[in-house]
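Happy to look at this one together. Let's ask how each label is earned.

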Amino acid sequence: MTIEHLPLLILGAGPTGLGAALRLLELDRQSFRLIDTEPTAGGLAASFVDARGFTWDLGGHVQFSHYQAFDRYMELALGREGWITHQRESWIWMRERFVPYPFQYNLHRLPGPEMWQCVQGLMAAAEGSAEGRPADFEQWILKTFGQGIADIFLLPYNFKVWAYPPAMMNAHWVGERVAVPDLRTVLKSICLGEDNPSWGPNNTFRFPLRGGTGAIWSRLAARIPRQNKHFGDGIVALDAAHRQVTTASGARFGYDRLISTIPLDRLCQLISDPDLIEQTDRLKYSSVHVVGIGLRGQPPEALRTKCWMYFPEDDCPFYRVTVFSNYSPNNVPEPGATWSLMAEVSESSCKAVDEQSVVEDVIRGMRATRLIDEQDAIISRWHRRLHHGYPTPSVERDAILREVLPALEARDIYSRGRFGAWKYEVSNQDHSLMQGVEIAERLVNGREELTLLRPDLVNGRFNTWPYPEWKEAGRPTPTAA
Ligand SMILES: Cc1cc2nc3c(=O)[nH]c(=O)nc-3n(C[C@H](O)[C@H](O)[C@H](O)COP(=O)(O)OP(=O)(O)OC[C@H]3O[C@@H](n4cnc5c(N)ncnc54)[C@H](O)[C@@H]3O)c2cc1C
């Protein structure tokens, strides 16, 4: 059998692989192949239409863009008109009531004794905050928020999302993701009984008008010429010594350099290197069950404007539910006469889920948390299990990545993206696409990959294009994007 040889192969046509492919084309490098197991692009950011005509994402996808370049790719995908803009309205369901997010600034909604428990903890945390660095995520929560908020909300909620106890997670990934409380704002909200929601005039997000989140990625994939794509036929073997991959159908490709966006542990299994397998087996991840419930009628008043809700308590299996019909009327088959809820349930070796009963368990949970009632007519049930759902920022993660990623690069294999680089803090759609763009820029122009190497920098600002650090490095500035 002939082996086609290419300067560059890209494994995986999710946002990272697509970012790499699009940037290579813009840099006038046409000799590459983008390979995916699935017949269509998008990976974890793909969308699906069920038998009853409801559209589902693989979990509620909301865009938080940190990059000017990412915004430009979004416009290339859907133009200016292909979006609906929403207020980012998120809530927490607990103690039989909705509390606006963020929790710490809306404590007045809690029963008095629990409000006091939270305030006591916050005051103790404020007094003790100077002492040493937290060793793990649980310690970080306790040091930052105190015992009250930790016990009432953050520890149970984080176990529900991550499916690992926070003590098994590191504290470095948090960065911008949790608002460190300002005691004045906390006390003002309690004394005046005022809500302090995170949404407001400047806190909006946009969502595709049609086709769910996946529409973005299928439109971007359509910009890549047919001869560069090899879809519906994934890699089943990788000979790193001879730089060759074999697909399920038996096709073989040789490469000079390989960009891989498939999960890092799977990549190392394909390479069959015992040392890399041993190391990456210790990386933690959680699976996610996405359960879509399509309903006849209209959402109840309490859900009319809500985007998503968090569920820290054990009266339901899910940690988050999105009112997906609120994101676009086209997410349901009969706008105005049908609506939809999408729940996410996490699973890991520390948190079992019964796959056979999860859909019914979710429906029971939706009733227990009053999202739906007995009279609501359910007309569609949709379920997907994402084997690799969340790359857990575990205590041992960074030491493993420091060994494995350079060992792969020594073989000209560049592992990037949500599970390729395993860095949760830079694993959203914007980060993933830009990890792809940046590895293309590195391989072609020798530029530094800021997203992979400096997560705090890219997450702490809006990143103009080209990056100021690249201009300072004195090379010619990139043209497109
Ligand atoms: C529950 C959930 C909620 C999320 N919410 C948000 C959100 O609100 N906002 C946001 O921005 N992001 C969100 N994300 C993250 C978003 O989905 C990711 O950022 C993005 O999909 C990662 O892109 P990727 O290309 O790195 O990986 P993936 O999307 O995982 O793509 C990897 C690709 O590799 C392919 N592949 C795997 N094995 C092989 C093989 N052997 N051969 C060939 N191809 C292979 C897969 O088919 C897949 O297409 C969420 C993710 C999940 C799971």
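What follows is a short set of questions and answers on this predicted model.

Q: How do you know that the radius of gyration of the protein agrees with a compact globule?
A: The rule is 2.2 Å times the number of residues to the power 0.38. For 481 residues that puts a compact globule near 23 Å, and the protein has 23 Å, so the two agree. Along the principal axes, the C-alpha atoms fill a box of roughly 70 × 55 × 40 Å.

Q: What makes a residue count as buried, and what percentage of the protein does so?
A: A residue needs 20 or more other C-beta atoms within 10 Å of its own. By that test, 45% of the 481 residues count as buried.

Q: What makes a residue part of the shell around the ligand, and how many residues surround the ligand?
A: The C-beta atom has to lie within 6 Å of the ligand. There are 36 such residues, the closest being Gly-12, Gly-14, Gly-43, Gly-59 and Gly-417. Two or more residues each come from helix H1 (15–26), strand S2 (32–36), strand S17 (378–391) and helix H12 (429–445). H1 gives the most, with three residues.

Q: Why do those closest glycines count as polar in the shell?
A: Because the classes place Gly among the polar residues. The shell as a whole has 19 polar, 13 nonpolar and four charged residues.

Q: What makes up the contact between domain 1 and domain 2?
A: Residues are in contact if their C-beta atoms lie within 7 Å. The domains are domain 1 (4–46 + 66–75 + 211–283 + 395–472) and domain 2 (102–192). Nine residues of domain 1 and seven residues of domain 2 take part.

Technical notes: Residues numbered from 1 in each chain as written. Predicted model: local features only at pLDDT ≥ 70, side-chain atom pairs only at ≥ 80, totals over all residues. Buried ≥ 20, exposed ≤ 12 C-beta atoms within 10 Å, placed from the backbone. Helix = DSSP H or I, 4+ residues; strand = E, 2+ residues; numbered from the N terminus. Domains from an automatic or database assignment. Contact = placed C-beta atoms within 7 Å.
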